[in-house]
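Colleague: Got a minute to go through this model with me? I'd like to hear the reasoning behind the labels.

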Amino acid sequence: MTYSWQDIQQDWLGDSLIAIAPDEAVAAFNGVMDKFGRDWVEASRTHGDGMARGVTPTLHIVTLGLMLRALNGAPNSHGLLEKLRNNQPDAWAELCAIYLLCSDSPEVSKEIEPEVVVGQRNRVPDIRARSGESPWTYVEVTMASRNSAAQREILNSLERLTCLVDNSTGSFALEIFLKREPNDEELGYVEQQVREGCQSTEAYEVELPSGLGALYWNHYAPGIAVIDDHGEPYRPGLGVMRTAVIDGQHRHIIVRWPFTDMRAEAMLTAEARQLPTDAPGLVMIQTSGAVGAMKAWRSLIERRLQPTMHTRVSAVCLFTSAIQPSESGEQWRPECKVIINPHARNPLPGWIANRLALFPSHEADLPT
């Protein structure tokens, strides 16, 4: 039984709006159903005993349907389809990369996991693509997971600070705004300051020593979170808020912790090894799980593109995607940044640069 617009509107969207024509949404839903079955489509929005509705589950299927079209005619796509069926995150990243390179471009040929010889070894890059009769470009796709060791360590520290809200008394609102990473001794000092200050209901600030940051007490009512950089320049970071309502007392603690993911160099090195030396090579990195990557990674990668390093890499593409509002409803929007290697043995074909330019990023690079 195929999906109709009425099915999608009533059973999936509810009162929400998406910025896509009804016939396009229906075609996308039925395209996913043809590949994976209706039960799989329905299970995609089932969590425990509940069934989600609204923009997020609906656009997930619509987006998947749109991207799957880019696989049409691609040899060896069965393995990627099976990984998508099993909801492997790296498969979504690879499919998105194919969409960026090939969607709505019938002149572009693509192959999934072609075998190539690199040195004395057989390698299997994720994709190769070409426009018309131009040379093949080999593409390696990877994604930055959210579960890096550095992030886990910081999340443990964030938990250490925010759990103080459960062991405190009184009603208060506290923001712990850090300008740099504290060491363990400084973290203990912050904990002490929180325990000593939690009984006050007045609005005031406490400067932390050695430029560590500040505590902002009761600038807003408990339970209300307002993002304020307090006059400081933008820096990537992690943030957590925890609230407690106990015996009529309402309090929260917000922690803002500066952090920039620095995995770019290691990821580039690992992926470059899979590329041949006698054809253009592109490394595409899905950055959604890497804090600050779209702003900070250009300079990190450019430092690694040297005359004697990574010369088989024609370019690096950082890409991400998100649901964003528009005048006609919510929409899925991918965006990317292309970093050209001036020392590459084989330059990036112009058609790829032009394709990726259709999905510009509005994230400004951080000053180096």
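Modeller: Sure, and bear in mind that this is a predicted model.

Colleague: Start with H2, then. How do you know whether the span of helix H2 agrees with what its residues should give?

Modeller: H2 covers residues 22-36, which is 15 residues, and at 1.5 Å a residue they should span 21 Å. The C-alpha atoms at its ends are 21 Å apart, so the span agrees.

Colleague: Which residues of H2 are buried, and what covers them?

Modeller: Buried means under 20% relative accessible area. In H2 the buried residues are Ala25, Val26, Ala28, Phe29, Asn30, Val32, Met33 and Phe36. Their cover includes helices H1 (5-13), H3 (38-43), H4 (55-68) and H5 (78-85). Just past the end of H2, Gly37 has a positive phi of about 95°.

Colleague: What about positive phi in residues other than glycine, say Asp104? What makes Asp104 buried or exposed?

Modeller: Asp104 has phi near 55°, and its place is the loop between helix H6 (89-102) and strand E3 (108-112). The cut-off for exposed is over 50%. Asp104 has a relative accessible area of 75%, so it counts as exposed.

Colleague: And Asn218, buried or exposed?

Modeller: Asn218 also isn't a glycine, and its phi is positive, about 55°. This residue is in the loop between strand E10 (213-217) and strand E11 (237-246). Its relative accessible area is 14%, and buried means under 20%, so Asn218 is called buried.

Colleague: Why is E3 called largely enclosed?

Modeller: Because four of its five residues are buried, E3 is largely enclosed by the rest of the structure. E3 also pairs with strand E6 (residues 127-131), antiparallel, over five bridges. Two bridges are enough for strands to count as a pair, so with five bridges E3 and E6 qualify. Within E6, Ile127 is the residue opposite Ile112.

Colleague: Which residues have the most contacts inside the largest nonpolar core?

Modeller: That core has 56 residues, and the ones with the most contacts inside it are Val41, Leu68, Leu71, Leu282, Met284, Phe319 and Leu356. The element that gives the most is H6, with 10 residues. As a general point, nonpolar side chains tend to be buried together in soluble globular proteins.

Colleague: What is Leu71 in contact with, leaving aside neighbours within four places in sequence?

Modeller: Ser77, Leu80, Leu81, Leu95, Ile98, Lys110 and Ile112.

Colleague: What does Val206 touch, not counting residues up to four places away?

Modeller: Val206, in strand E9 (residues 204-208), touches Gln193, Gly213, Ala214, Leu215 and Trp217 on that count. Between Val206 and Ile176 there are 9.7 Å, C-alpha to C-alpha, with the two 30 residues apart in sequence.

Colleague: Now the empty space. What makes something a cavity and something else a pocket?

Modeller: In a cavity the 1.4 Å probe fits but cannot get out, whereas a pocket is open. The largest pocket holds about 490 Å³ of space. Its lining has 21 residues, with Ser44, Thr56, His60, Asn87 and Trp92 nearest the centre. H4, H6 and strand E14 (315-326) each give two or more residues to that lining, and H4 has the largest share, six residues.

Colleague: How many cavities of 30 Å³ or more are there, and what lines the largest?

Modeller: One. The largest cavity has a volume of about 100 Å³, and residues lining it include Tyr216, His219, Tyr220, His230 and His252. Strands E8 (172-178) and E12 (249-258) each supply at least two lining residues, with E8 giving the most, three.

Definitions and conventions:
Residues numbered from 1 in each chain as written. Predicted model: local features only at pLDDT ≥ 70, side-chain atom pairs only at ≥ 80, totals over all residues. Heavy atoms only, no water. Expected span 1.5 Å × (residues − 1). Buried < 20%, exposed > 50% of the residue type's maximum accessible area, 1.4 Å probe, protein only. Contact = heavy atoms within 4.5 Å. Core = buried A, V, L, I, M, F, W, Y, C linked by side-chain atoms within 4.5 Å. 1 Å grid on protein atoms, 1.4 Å probe; cavity = no way out; pocket = protein on both sides within 12 Å on 5 of 7 lines; lining within 4 Å. Points joined across faces, edges and corners; volume = space filled by probe spheres on them.
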